[in-house]
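Here are some short exercises, each with a worked solution. Have a go at each task before you read on.

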Amino acid sequence: MEKWADNKAWLLVLPVFVVVAFSAIIPLMTVVNYSLQDIFGPGNAVFVGTEWFKEMLTDKRLHDALGRQFIFSGLVLLIEIPLGILIALAMPKKGWSASASLVTLAIPLLIPWNVIGTIWIIFTRPDIGLFGVGINSLDLLDIPFDHTARPAYAWVTLMAMEVWHWTPLVALLCYAGLRAIPEAYYQAAKIDGASSWAVFCYIQLPKMRGVLTIAVLLRWMDSFLIYAEPFALTGGGPGNSTTFLSIYLVKLATGQFDLGPAAAFSLIYFLIVLLFCFIFYQVLLNVGKGEKIS
Amino acid sequence: MKVQKRTFALLFYFLLLALPIYWMLNMSLRSNADILSTFSLYPSHITLENYIKIFTDETWYSGYINAMIYVSMNTIMSLAFALPAAYAFSRYKFLGDGQMFFWLLTNRMAPPAVFLLPYFQLYSTVNLIDTHIAVALAHCLFNVPLAVWILEGFMSGIPKEIDETAFIDGYSFPRFFFTLFIPLIRAGVGVTAFFCFMFSWVELLFARTLTVTEAKPIVATMTRTISATGLDWGLLAANGILTIVPGALVIWFVRNHLAKGFALGRV
């Protein structure tokens, strides 16, 4: 669609600009301000330049948290995207069963994030949880299952929770993409005698490319920013084994009141996110273009 | 045969999806002593005492009221701000439109933890700590960009000729926008409202930081209980079940537009 060129359109964008600037730019400037000073108390601060940035960039705990974050977000994508596609393919196409499936799928998405943590604590605890008691009664593990005791168990629980919570989003997106494929494509494939695998590779997957990009974008970003669920489930432990970037940042900022380092960390964190955001945005734009040409 | 296998797998998945929620429901209908003493797959002595406690104790039920207030405020604010902006993005080319759109997107992706410290200071300075409006405004950070994004998708689906015809017919811009255009994209407005509701309802970090007592939402009340002594699992579970209810109701109303909205109007 050809757009009208008119700079007066800025007037329509202005309210959004003001409200988002109030909640984004002013706070961000405050963070920059903190990151360059050593603050002892109100009105008692010393300019320290880039010292906090140097300290944070060489902070081993930050490197560990970043590493864990990449592993976590990577695993999230590896598990949730294929699973979501499979669910979307298996879902009924019309009628009451389609509505019922959609509603069932959407329910985990509308549960407050720390309640998700609570649900999984109750579900996996070794004394009262169905999963915890169940797996321990099978007697398969050398050490009884307890997500607060061992890093491996904490990770398994966390991944199970994450997959349980967010795979429905991927499935819903893929389902929307599948519904947008015209029936004629399938009829043509039938006439050609294409196998269902061929239909998937040459019709469904290419047509889902747009929604899949959005799914990957949302899942990567949101798992990168994850806070409430691990906070409620493990509190970052045992040890530091599930301390992701947000959890470490909040610990640093509100637990120890290290404003300077926390602010420097915030900015580094924000820049990493911004970088990925930019890459994904470019991909999104180009995906749209490719479809228009074809 | 193949179709049946698929349906079976899907039903199995839904069973896994429902199991943790069922378990919480089970816990919510039992007393704490019962939960800790016996392990049982279903509540044998059903009791409603957990729910009664929530509905009679103000520290609990006010959490729900507070959350509902700021979530509604945020939804209305996000829509009011985003509608004109989304129209501008879908219809006009203007200086810096691409950059502006990307900047909005980055706010949806910004880590809330980054904004935690300055938010407390900023809202203290303007005397808004512990008010509903503070949380509603803070949630605008990610909801307004999202609303613009979804609405822009829906609006771009409406041919521009409609606008041109209306202007030729002598409609003023506000009259056209409110009487003709918004009714055309009402599905999109509904989906956007749903998403704003959802993301504001599930958010914890801002809601917990910006409230003390007067506007404290239920999710924050629940985290205090977790850290307090002597966990009451039954009460916690009942609270959890009650936080699912509003979301489930909203889902039912928008179920037909849900999938499209999840793709942010870009299908």
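**Exercise 1. Work out what share of the contacts in chain A between residues at least 6 apart in sequence joins residues at least 24 apart.**

Solution. Start with the ground rules: this is a predicted model, where local features need pLDDT of at least 70 and side-chain atom pairs count only at pLDDT 80 or more, while totals for chains, interfaces and linings use all residues. Residues are numbered from 1 along each chain as its sequence is written, and chains are lettered from A and ligands numbered from 1 in the order in which they are written. Next, take two residues to be in contact if their C-beta atoms, placed from the backbone, lie within 7 Å. Counting such pairs in chain A at a separation of at least 6, 68% join residues at least 24 apart. In chain B the corresponding value is 80%.

**Exercise 2. Describe the make-up of each chain: how many helices and strands are there in chain A and in chain B?**

Solution. Helices (H or I, at least four residues) and strands (E, at least two) are DSSP runs, numbered from the N terminus. On that basis chain A has 13 helices and three strands, and chain B has 13 helices and one strand. Reading chain B along the sequence gives α-α-α-α-β-α-α-α-α-α-α-α-α-α.

Then look at burial. A residue is buried if 20 or more other C-beta atoms lie within 10 Å of its own, exposed if 12 or fewer, and partly exposed in between, with C-beta atoms placed from the backbone. Of the 294 residues of chain A, 40% are buried; of the 267 residues of chain B, 48% are.

**Exercise 3. Check the length of helix 7 of chain A, then find where a kink lies in this helix.**

Solution. The expected span is 1.5 Å times one less than the number of residues. Helix 7 covers residues 151–179, so its 29 residues should span 42 Å, and the 41 Å between its end C-alpha atoms agrees. For the kink, use the bend at a residue, the angle between axes fitted to the seven residues ending there and the seven starting there. A kink of about 35 degrees lies at A:W166, shortly before the proline A:P168.

**Exercise 4. Characterise the side of chain A that touches chain B.**

Solution. The contact takes 77 residues from chain A and 81 residues from chain B. On the chain A side, helix 1 (residues 10–35) gives the largest share, 14 residues. Now sort by class: Ala, Val, Leu, Ile, Met, Phe, Trp, Tyr, Cys and Pro count as nonpolar, Asp, Glu, Lys and Arg as charged, and the others, Gly among them, as polar. The chain A side then divides into 63 nonpolar, 11 polar and three charged residues.

**Exercise 5. Classify B:N127 and B:D130: are they buried or exposed, or in between?**

Solution. Locate them in the loop between helix 6 (112–125) and helix 7 (132–156) of chain B, where B:N127 is found and where B:D130 lies too. Check the backbone: phi of B:N127 is near 60 degrees, a positive value in a residue other than glycine, and B:D130 has a positive phi of about 65 degrees although it is not a glycine. Finally, count neighbours inside 10 Å: B:N127 has 9 C-beta neighbours and therefore counts as exposed, whereas B:D130 has 16 and so counts as partly exposed.
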